[in-house]
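Me: I'd like to go through a protein model with you, a bit at a time. Can I ask things as they come up?

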Amino acid sequence: MDPEARSVASAYLDDLARKTAYLTRPYCQRCGTCCRHAGPTLHAEDLELIRSGRLALGRLVTHRVGARVFSHYLDREVTLEREVVMIASGEGGRCPFLSFNPTQCSIHRHLPVQCQAQQCWDTSASDELQMRPGLTRLDILLEGDPARALVEELEAGGDAAQLRARVKVEAPDYLGALDFLFGVQR
C-alpha cells in the first residue's frame, strides 16, 4: 500500500474506532476532540459567565452578519445570517482553554452552554443548540456603555478603523477586546 493510501486507511480506522468507542461508552472521555476545532459559540445562558468576569471580553471574538466562516458543525464554509459571538480560537485553531498532558479544560467548572451540550455519543442537545440564536454584542454590552455606542455606530455604517481608534479615548477599558467589539479583521 502506498503511503498516501495507508494514511487515508489509517484515518478511516481511527475514526471508526472513535465512533465505536462513543457507542459503547456514552460519557465524556475528556479526549478534547470537541475542543480542537474552535472555541464555543456563546448563548443567553453564558451571559452570567461574562458578567461575573469568569469569561473576559478579551477572550471573545465577534463574527458579523455576512462574514464567511468555516462551520465545523456543517463541515463547510458558510455566510453568517446572524452575528456570532464566541470564544476566540487559540493556538492551532482550538479552544484556548484546552490543554494537553493530561487533556483538560481550564474552565471546566464554568463551561459555556455549548460545551455542556457537546456529547459525541448523542448530538441531539448540540443539534438543538445550533438552531437557537446565540448572544450578540448588544446582548452583552449594557445600555449607556460607551462601547455599546461604538458598536451601534459601526452597525449603522460607521468606519471600523475610525471607531477602533476612538476606543482609546471613549472606551479605554475595551482596548483588549477589539475583536469582540468590531469583529475579526481579515
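What follows is a chat about the overall fold first, and then about a few residues.

Me: What kind of model is this, and how many helices and strands does the protein chain have?
Reply: It is a predicted model, and the secondary structure of its protein chain comes to eight helices and six strands.

Me: In what pattern do they come along the sequence?
Reply: Reading along the sequence, you meet the pattern α-α-β-β-β-β-β-β-α-α-α-α-α-α.

Me: What box do the C-alpha atoms fill?
Reply: Taken along the principal axes, the C-alpha atoms of the protein chain fill a box of roughly 60 × 35 × 30 Å.

Me: And how much of the chain is buried?
Reply: Of the 186 residues in the protein chain, 32% are buried. As for the outside, the chain exposes about 11,500 Å², and carbon and sulfur atoms supply 53% of that area.

Me: What about charges, how many of each?
Reply: There are 22 positive and 25 negative side chains in the protein chain, and the centres of the two sets lie 5 Å apart.

Me: Switching to single residues: where is Q114, and is it buried or exposed?
Reply: Q114 sits in helix α3, which covers residues 113–117. It counts as buried because its relative accessible area is 11%, and buried means under 20%.

Me: Which residues does Q114 touch, then?
Reply: Leaving aside residues up to four places away in sequence, Q114 touches P40, T41, H43, L129 and Q130.

Me: Okay, now R30. Where is that one?
Reply: R30 lies in the loop between α1 (3–24) and α2 (47–51). With a relative accessibility of 47%, R30 counts as partly exposed.

Me: And what does R30 touch?
Reply: If residues up to four places away in sequence are not counted, R30 touches T103 and H108. R30 and C105 are 75 residues apart in sequence, while their C-alpha atoms are 8.8 Å apart in space.

Me: How often do contacts join residues at least 24 apart in the chain as a whole?
Reply: Among contacts in the protein chain between residues at least 6 apart in sequence, 62% join residues that are at least 24 apart.

Me: Last topic: which residues make the nonpolar surface patch of about 330 Å²?
Reply: That patch is made by Y12, L13 and L16. One of these, L13, is found in helix α1.

Me: Why does L13 count as exposed?
Reply: L13 counts as exposed because its relative accessibility is 51%, and exposed means over 50%.

Definitions and conventions:
Residues are numbered from 1 along each chain as its sequence is written. This is a predicted model: local features need pLDDT of at least 70, side-chain atom pairs count only at pLDDT 80 or more; totals for chains, interfaces and linings use all residues. Side-chain values use heavy atoms; hydrogens and water are left out. Helices (H or I, at least four residues) and strands (E, at least two) are DSSP runs, numbered from the N terminus. Buried means under 20% relative accessible area, exposed over 50%, partly exposed in between (1.4 Å probe, protein chains only). Contact means heavy atoms within 4.5 Å. Accessible areas come from the Shrake-Rupley method with a 1.4 Å probe; for residues, only the protein chains shown count as cover. Lys and Arg count as positive and Asp and Glu as negative; His and the chain ends are not counted. The place of a charge is taken as NZ of Lys, CZ of Arg, CG of Asp or CD of Glu. Patches are made of residues with over 30% relative accessible area and no salt bridge: like charges are joined within 9 Å, nonpolar side chains (Val, Leu, Ile, Met, Phe, Trp, Tyr) within 5 Å. A salt bridge is a side-chain nitrogen of Lys or Arg within 4 Å of a carboxyl oxygen of Asp or Glu.
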